[in-house]
Amino acid sequence: MRGFKDSTISEKVPFWLDPKKRAILFQLMTFCLVGLLAYYLVSNTLVNLEKQKIATGFSFLHKESSFEIGESPIPYSAANTYARALLVGILNTVKVAFIGIAITILLGTIIGMARLSTNWLLSKLAAIYIEVMQDIPILLQLFFWYAIFYETLPSPREAISPTAGLFMSNRGVAFTVPEGHPAHIHMFLAFVAGCGIVYLMRRWARKRQERTGKIFPTFRVGIAIIFGLPFLIWFGFGAPMGMNVPKLGGFNFEGGLTVSPEFIALLLGLVLYTAAFVAEVVRAGIQSVSKGQREAAMSIGLRPVPVLNLVILPQALRVIVPPLTSQMLNLTKNSSLAVAIGYPDFVSVANTTINQTGQSIEGVAIIMAVYLFFSLTTSAFMNWYNKRVALVER
Amino acid sequence: MEQAVQVKELRPPITQIGVIGWVKNNLFNGVFNSILTIVTLFLLWKVVPPLFRWAFIDSAWHTTGQACKQAAGACWSVISMNYRFILFGFYPYEQQWRPFLAIMILFGLLFYSRDRNHWKKPLAYAWIIGLFTMGLLMKGGIFGLSSVESTQWGGLPLTLLLAVFGVTAAYPLGVILALGRRSKMHGVKALCILYIELIRGVPLISLLFMSSIVFPLFLPEGVTFNKILRAQVAIILFTSAYIAEVVRGGLQGMSRGQYEAAESIGLNYYLTMRLVILPQALKIVIPPTVSQLISAFKDTSLVVIIALFDILKTTQSVLSNPEWMGFSREAYVFIAILYFLGCFSMSNYSRKLEKELSRGD
Amino acid sequence: MFLHVQLQPEIGKGIVKGGLNEMNIEKKASEGQMIEFIDVHKWFGEFHVLQGINLSVDKQERIVICGPSGSGKSTLIRCINRLEEHQRGRIVVDGIELINNIKNIEKIRAEVGMVFQHFNLFPHLTIVQNLALGPIWVRKVPKKEAEETAMYYLEKVHIAEQACKYPGQLSGGQQQRVAIARSLCMNPKVMLFDEPTSALDPEMIKEVLDVMIELAQEGMTMIVVTHEMGFARSVAHKVLFMDFGKIVEGNTPEEFFKNPQHERTKLFLSQILH
């Protein structure tokens with residue numbers, strides 16, 4: 001028996017009713033619109049640049065910069081190129097971001113745990129800290145700390161010294177550091193070797209536990225090795241105790257390690273602000289593990305520390321790490337506010353470059369490109385981490 | 001076996017309940033906690049009384065700059081003598097009732113909007129009319145009000161303006177971007193992803209620089225944008241990317257069944273979104289959206305860097321006056337309190353909303 | 001203020017109770033008894049959740065506890081493995097007294113297994129890893145041996161083929177059976193069940209009850225808080241009814257269901273048996 005004629009084959013659908021073709025048409029229109037807009041903007045720009053006699057292109061990077069930079073981890077002078085100046089800016093940003101992130105994670109975790117503490121006093125103080133620091137704009141906090149340094153602290157001649165060897169003045173903070181000594185390089189090598197040994201020891205201890213069931217006190221022995229080896233080396237070299245103490249010479253301190261007020265203000269502002277957000281992330285992560293997990297682990301007979309290591313932390317970290325990396329990225333982006341208090345971070349240096357060369361488009365483009373690089377690498381890392389630890393479900 | 005048993009209620013042990021019980025369980029349960037409590041109380045005792053003395057007892061409240069410098073405590077006069085400038089910037093002195101009125105209208109609208117029962121169509125119209133009136137009050141030029149150029153706008157009205165208009169305009173843009181990002185059309189999706197990731201990857205300050213330095217180049221000769229508008233556009237573009245991500249989260253949370261049910265009734269894309277999906281998705285993400293509003297409010301402080309006279313810059317101008325130099329602490333603390341009050345009430349409201357919504361209306 | 005003791009008439013097989021005055025509270029708890037509650041009280045703040053519980057469970061005895069929500073039945077069994085702390089009275093498990101001594105608590109926890117209403121499997125570990133966790137870290141058993149034990153008990157609860165899956169991939173009934181196997185891996189002397197089937201869809205309740213019945217037939221001492229009266233009838237030695245923190249009555253299943261003695265018991269039974 002003949003079936004129905006399949007009507008969709010023979011009948012022609014006009015292209016403006018076919019959903020697939022409509023989609024293509026819509027996209028074409030969108031692209032045209034965006035393209036027209038882009039064309040309009042670009043042509044205007046070229047005309048304006050011509051009129052104002054501003055150069056285009058990136059050749060300015062090889063020109064001499066003729067401006068000084070307040071502080072720099074690598075040697076730099078006004079005779080260097082713009083490219084080198086920008087490099088100094090990037091290094092300054094990385095320096096403050098790195099140190100900032102390390103301290104923030106530590107401080108944020110402590111405050112987050114304090115917020116969860118059964119001690120009412122601690123918990124309430126942590127809650128107040130979190131609420132207050134989150135609600136005040138970070139720029140305001142930066143200005144505040146900078147003002148504290150400049151207005152409250154005295155000149156180097158009357159520097160405050162809370163402990164011996166530490167001097168706080170409006171020219172910065174001067175630390176006493178151990179005098180350079182050959183022992184130090186060996187101590188560092190011992191430290192690295194210690195880390196390697198501990199890593200191997202952990203692998204051995206784990207295999208041993210799988211085979212025999214005996215648990216090795218890896219943590220205690222590990223700490224002893226990592227800190228003990230360098231200590232032995234130090235002792236072996238005759239326990240050198242020479243310290244490089246900052247001494248007042250002229251208008252500022254000489255010797256020791258000096259950190260500029262701009263750097264300290266920036267670091268303080270960034271760390272205190274971001275730590276409040278990190279504390280919330282940590283708290284949410286730990287609370288996300290249901291009470292029943294802890295009870296089940298305790299019912300089997302696990303002690304508190306293994307319960308934390310084997311059951312609570314693995315689950316909590318999955319919830320903590322993604323927003324934590326966001327906060328770290330925020331800290332890096334917020335470090336761009338250094339331009340407001342005079343710390344020569346990347347945006348600061350790029351701003352000076354733009355002002356001097358007039359090439360704003362290239363300058364802004366470079367700024368955005370650098371920060372995009374930071375963001376995209378962080379996103380990539382987060383995606384990789386999420387995929388790796390995702391809980392397997394149906 | 002029967003016994004004359006007194007069924008007298010037993011009380012919990014004395015160390016369990018009442019004040020003693022609370023103190024024992026919350027402050028001193030265990031050795032570690034007890035030590036922490038004692039150390040914390042000691043630190044508080046060292047810090048709080050001197051702070052209190054500085055702020056309230058030794059302080060000067062309404063004096064000249066010289067007298068302030070002699071006071072041992074805080075100089076709150078820097079605020080009380082300069083508050084008109086700090087709050088309103090360069091706005092003409094006699095006309096300052098106008099921005100004041102505009103702020104009152106804004107607060108009135110905000111206060112009225114707090115109750116979710118008021119969230120009906122008339123409220124939306126009220127907001128539109130309100131915002132329009134505020135702009136009119138500030139600008140003037142008609143109804144007998146003298147015209148005040150936007151270059152003279154400053155202080156609190158400017159901060160609020162940038163934040164409110166910023167989020168209001170960014171919201172629809174963010175929704176469109178979120179829909180575009182979830183679209184099946186690859187071209188549109190790519191464009192939206194590009195925009196969102198680009199904007200979210202860069203600091204706001206770079207966008208503000210772009211707006212103040214680069215935007216003028218985009219425009220044909222002779223056409224200029226005033227500075228505030230440029231900053232406003234930058235804030236709108238910036239916020240819209242973040243709102244797009246928030247809305248995307250809500251859209252992702254909607255079950256497929258909703259889309260399918262709408263389709264099976266015969267609704268097209270536009271109607272499905274407008275009548276079925278967006279009402280639900282946007283409601284789910286109200287808390288993160290309020291959080292975004294709080295961020296936008298804080299971010300307006302960045303316009304200081306491109307020399308717009310928001311409340312932070314007016315404060316700094318006062319501090320650069322030789323008479324009031326050196327009192328940054330007090331001035332910044334005052335501004336911090338303002339921001340804190342604003343943000344705290346918003347985040348409190350957001351928490352309250354979240355609780356209401358999760359209970360299911 | 002005098003201390004007065006609540007009188008709880010308890011009828012049951014060979015258990016001598018009633019009329020305790022303070023001197024008799026010092027009775028020994030070692031006559032083949034697995035668990036002994038002697039005048040146990042507990043408060044949550046001001047709320048008196050356990051009001052003088054006296055209970056004795058022999059080895060290989062199976063007890064079902066039922067009662068309205070808020071009656072304290074979950075709290076009672078959670079006191080046995082110290083998930084809750086009692087404030088008055090004594091609890092003795094297999095001759096070890098439950099006091100604030102960490103060693104005692106650990107010893108007791110190793111002998112008492114618990115199955116929760118919401119399974120509480122560890123979602124980031126496979127089924128086998130869930131089961132082997134206790135033996136490896138508490139009993140310090142080599143990994144191979146622990147995994148063999150795990151597979152043995154997985155076979156017992158008829159779920160060996162899921163060994164390498166994660167809890168999120170299993171149904172509710174399967175997860176609860178795994179939870180039972182996880183407790184069994186520690187070789188407990190007593191198994192506590194806190195409403196084990198209340199969170200399951202109806203078609204999965206039977207598979208879990210079947211496992212519990214098999215366990216009973218092998219002679220495990222069990223205390224089960226549940227509303228599943230069919231289970232109580234077929235397997236329990238004694239059914240206890242709790243209300244407002246007290247054990248109101250307890251009897252063999254036939255007597256309990258046929259002749260409830262108290263009004264409250266009758267009311268409760270009429271509500272759940274329909």
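Trainee: Let's start with the hairpin: how many residues lie between β1(C) and β2(C), and which residue in the turn has a positive phi?

Mentor: Two residues separate β1(C) from β2(C) in that hairpin, and Gly45(C) in the turn has a positive phi of about 65 degrees. Keep in mind that this is a predicted model.

Trainee: How do you know that β1(C) and β2(C) pair, and in which sense?

Mentor: Pairing takes at least two bridges. Strand β1 (residues 33-44) and strand β2 (residues 47-58) of chain C share nine bridges, so they count as paired, and the sense is antiparallel. Look at the turn end for an example: Phe44(C) has Phe47(C) of β2(C) as its bridge partner.

Trainee: What makes β1(C) and β4(C) a pair too?

Mentor: Five bridges join β1(C) to strand β4 (residues 88-93) of chain C, and the cut-off is at least two, so this is a pair as well. These two strands run antiparallel, and Ile35(C) is bridged to Val93(C) in β4(C).

Trainee: Is β1(C) mostly covered or mostly exposed?

Mentor: Mostly covered: eleven of its twelve residues are buried.

Trainee: Asp39(C) is in strand β1 of chain C. Why is Asp39(C) called buried?

Mentor: Buried means under 20% relative accessible area. Asp39(C) comes out at 10%, so it is buried. Its backbone is worth a look too: phi is positive, about 45 degrees, although Asp39(C) is not a glycine.

Trainee: And Asp94(C), why is that one called partly exposed?

Mentor: Partly exposed covers the range between under 20% and over 50%. Asp94(C) has 22%, so it lands in that range. You'll find Asp94(C) in the loop between β4 and β5 (96-97) of chain C. Asp94(C) is not a glycine, yet has a positive phi of about 50 degrees.

Trainee: Over to the helices. Why are α4(A) and α16(B) called roughly perpendicular?

Mentor: Helix α4 (residues 120-135) of chain A packs against helix α16 (residues 328-358) of chain B at an angle of about 115 degrees, with the axes 8 Å apart. Roughly perpendicular takes in 65 to 115 degrees, so the label fits this pair. The crossing is right-handed.

Trainee: Which residues of α4(A) and α16(B) meet?

Mentor: From α4(A) come Glu131(A), Val132(A) and Asp135(A); from α16(B), Tyr339(B), Phe340(B), Cys343(B), Phe344(B), Ser347(B) and Arg351(B). By class that is five nonpolar, one polar and three charged residues.

Trainee: What makes α5(A) and α16(B) roughly antiparallel?

Mentor: Helix α5 (residues 138-152) of chain A and α16(B) pack at about 165 degrees, with axes 9 Å apart. Anything over 145 degrees counts as roughly antiparallel, so that is what this pair is called. Here the crossing is left-handed. On the α5(A) side the contact includes Phe143(A), Phe144(A) and Ile148(A), and on the α16(B) side Tyr332(B), Val333(B) and Tyr339(B) are among the residues involved. The classes are ten nonpolar, two polar and two charged.

Trainee: One last residue: why does Thr300(B) count as buried?

Mentor: The cut-off is under 20%, and Thr300(B) has 0% relative accessibility, so it qualifies. Thr300(B) is in the loop between α14 (286-299) and α15 (311-320) of chain B. Leaving aside neighbours within four places in sequence, Thr300(B) is in contact with residues including Thr159(B), Leu162(B), Asp310(B) and Tyr339(B).

Definitions and conventions. Residues numbered from 1 in each chain as written. Chains lettered and ligands numbered in written order. Predicted model: local features only at pLDDT ≥ 70, side-chain atom pairs only at ≥ 80, totals over all residues. Heavy atoms only, no water. Axes fitted to C-alpha atoms, helices over the stretch in contact; angles between N-to-C directions. Helix = DSSP H or I, 4+ residues; strand = E, 2+ residues; numbered from the N terminus. Parallel < 35°, antiparallel > 145°, perpendicular 65-115°, else oblique. Left-handed = near helix turned anticlockwise from the far one by under 90°. Contact = heavy atoms within 4.5 Å. Nonpolar A, V, L, I, M, F, W, Y, C, P; charged D, E, K, R; others polar. Buried < 20%, exposed > 50% of the residue type's maximum accessible area, 1.4 Å probe, protein only.
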